Amino acid sequence: MNVRQFALSSALVAFLGTSPGLAQEARPICGDTAVVKRSDTLSSIADRCDTTEAAILRSNPGIEGSNDLQVGSKINLRSSTSSSQETTERLRSLARETGNALTDMAQELGASVDDLLNKNPDLQQRLRRLGDRFNIPGVDADKAQVSLTPESGSAGSTVTVSATGLPPDRPVAIGGGAPRSAYEVLDNARTTAEGTFQASVKIPEWASDYDRFVLTIADTEGEWKVRSAPFQITGGKL
């Protein structure tokens, strides 16, 4: 074996590992897509698939955060858009993320998005311009209000989910999961002609693994999502 062949062989051995045990310890690669699992976050998927959260966001413009992940769905790990398309989609994503953040902030403060925007007219004007530019529904002022009755209980209990300000007569999925993690579809329903919604939902038994549980009402075409304030898990399973 000459020097060049020896060098190539050594490099190959170093790359593949010197034993089957080393090869088995290598981090798995997911390929071009990954299937979302229960309790997944962008961080857990990035770690499992040897990528980064930023790369996942770039490849999935419709995802702004971990609570946009749906259990059982596939997400892209490789971006196929051009640079200009990617920039535009990311701006659209950031605009939608702003709308979602306002909704979450309003829920935590016990106010409405309208109240927050009325107290911050400059922000309201900027969001309107973003909505007009990218044709993003709900960015101007997300009027959706979601409430839970009761607001706490054991896993296995039933809660009434009520909402107003939703797009009228649209099929929706009712999902649930831990805060800031993937949601799992629990049931399907439809909004009324007035854009309201009410349904009785059973908090799943597996919710006992968490202290809090968030219910999500999601458009089946992925155009919008609204979330409840966290349902407090108390005691054991029913």
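Me: Which residue does a disulfide join to Cys30?

Reply: This is a predicted model: local features need pLDDT of at least 70, side-chain atom pairs count only at pLDDT 80 or more, and totals for chains, interfaces and linings use all residues. Residues are numbered from 1 along each chain as its sequence is written, and side-chain values use heavy atoms, leaving out hydrogens and water. The structure holds 1 disulfide, meaning a pair of cysteine sulfur atoms within 2.5 Å. In this pair the S to S distance is 1.9 Å, and the residue joined to Cys30 is Cys49.

Me: How many residues apart are Cys30 and Cys49?

Reply: The pair links distant parts of the chain. Helices (H or I, at least four residues) and strands (E, at least two) are DSSP runs numbered from the N terminus. Cys30 sits in the loop between helix 2 (20–24) and strand 1 (33–35), while Cys49 sits in the loop between helix 3 (42–48) and helix 4 (53–59). Along the chain they're 19 residues apart.

Me: Is the disulfide of Cys30 and Cys49 left-handed or right-handed?

Reply: Look at the torsion about the S-S bond, which is about -75 degrees. Because of that torsion, the disulfide is left-handed.

Me: Does Cys49 count as buried or exposed?

Reply: Buried means under 20% relative accessible area, exposed over 50%, and partly exposed in between (1.4 Å probe, protein chains only). Its partner Cys30 has 30% relative accessibility, so Cys30 counts as partly exposed. Cys49 has 3%, so Cys49 counts as buried.

Me: What is the phi of Asp50 near?

Reply: Most residues other than glycine have a negative phi. Asp50 lies in the loop between helix 3 and helix 4, and at 45% relative accessibility it counts as partly exposed. Its phi is positive although Asp50 is not glycine, near 55 degrees.

Me: Where is Asp169, the non-glycine residue with a phi of about 50 degrees?

Reply: The phi of Asp169 is positive. At 44% relative accessibility, Asp169 counts as partly exposed. You'll find it in the loop between strand 5 and strand 6.

Me: Which residue does a cis peptide bond join to Thr149?

Reply: Most peptide bonds are trans. This one is cis, with omega about -5 degrees. The residue in question sits in the loop between strand 3 and strand 4, and it's Pro150.

Me: What is the strand order of the open sheet of 3 strands?

Reply: Strands pair if DSSP finds at least two bridges between them. Strand 3 and strand 5 run antiparallel with 5 bridges, and strand 5 and strand 8 are antiparallel too, with 6 bridges. That gives an open sheet with antiparallel pairing, in the order 3-5-8. Its edge strands, each pairing on one side only, are strand 3 and strand 8.

Me: Which residue in strand 8 is the bridge partner of Val159?

Reply: Strand 5 has bridge partners on both flanks. Towards strand 3, Ala163 is matched with Val146 and Thr164 with Gln145. Towards strand 8, the partner of Val159 is Val201.

Me: How many residues are in the largest nonpolar core?

Reply: A nonpolar core is a set of buried Ala, Val, Leu, Ile, Met, Phe, Trp, Tyr and Cys residues joined through side-chain atoms within 4.5 Å. In the largest one, Val159, Val161, Leu166, Phe197, Phe213 and Ile217 touch the most other members. Strands that each supply at least two of its residues include strand 3 (145–149) and strand 5. The count for this core is 25.

Me: What is the polar contact distance between the side chains of Asp219 and Arg170?

Reply: Asp219 is in strand 9 (residues 212–219), and at 5% relative accessibility it counts as buried. Beyond neighbours within four places in sequence, it's in contact (heavy atoms within 4.5 Å) with Arg170, Pro171 and Trp224. A polar contact is a pair of N or O atoms within 3.5 Å; within protein, one must be able to donate a hydrogen and the other to accept it, and residues adjacent in sequence count only if both atoms are side-chain atoms. For Asp219 and Arg170, the distance is 2.8 Å.

Me: Which residue's backbone oxygen lies 2.6 Å from a polar atom of the Ser157 side chain?

Reply: Ser157 is in the loop between strand 4 (152–153) and strand 5 (158–164). With a relative accessible area of 14%, Ser157 is buried. The backbone oxygen belongs to Ser154.
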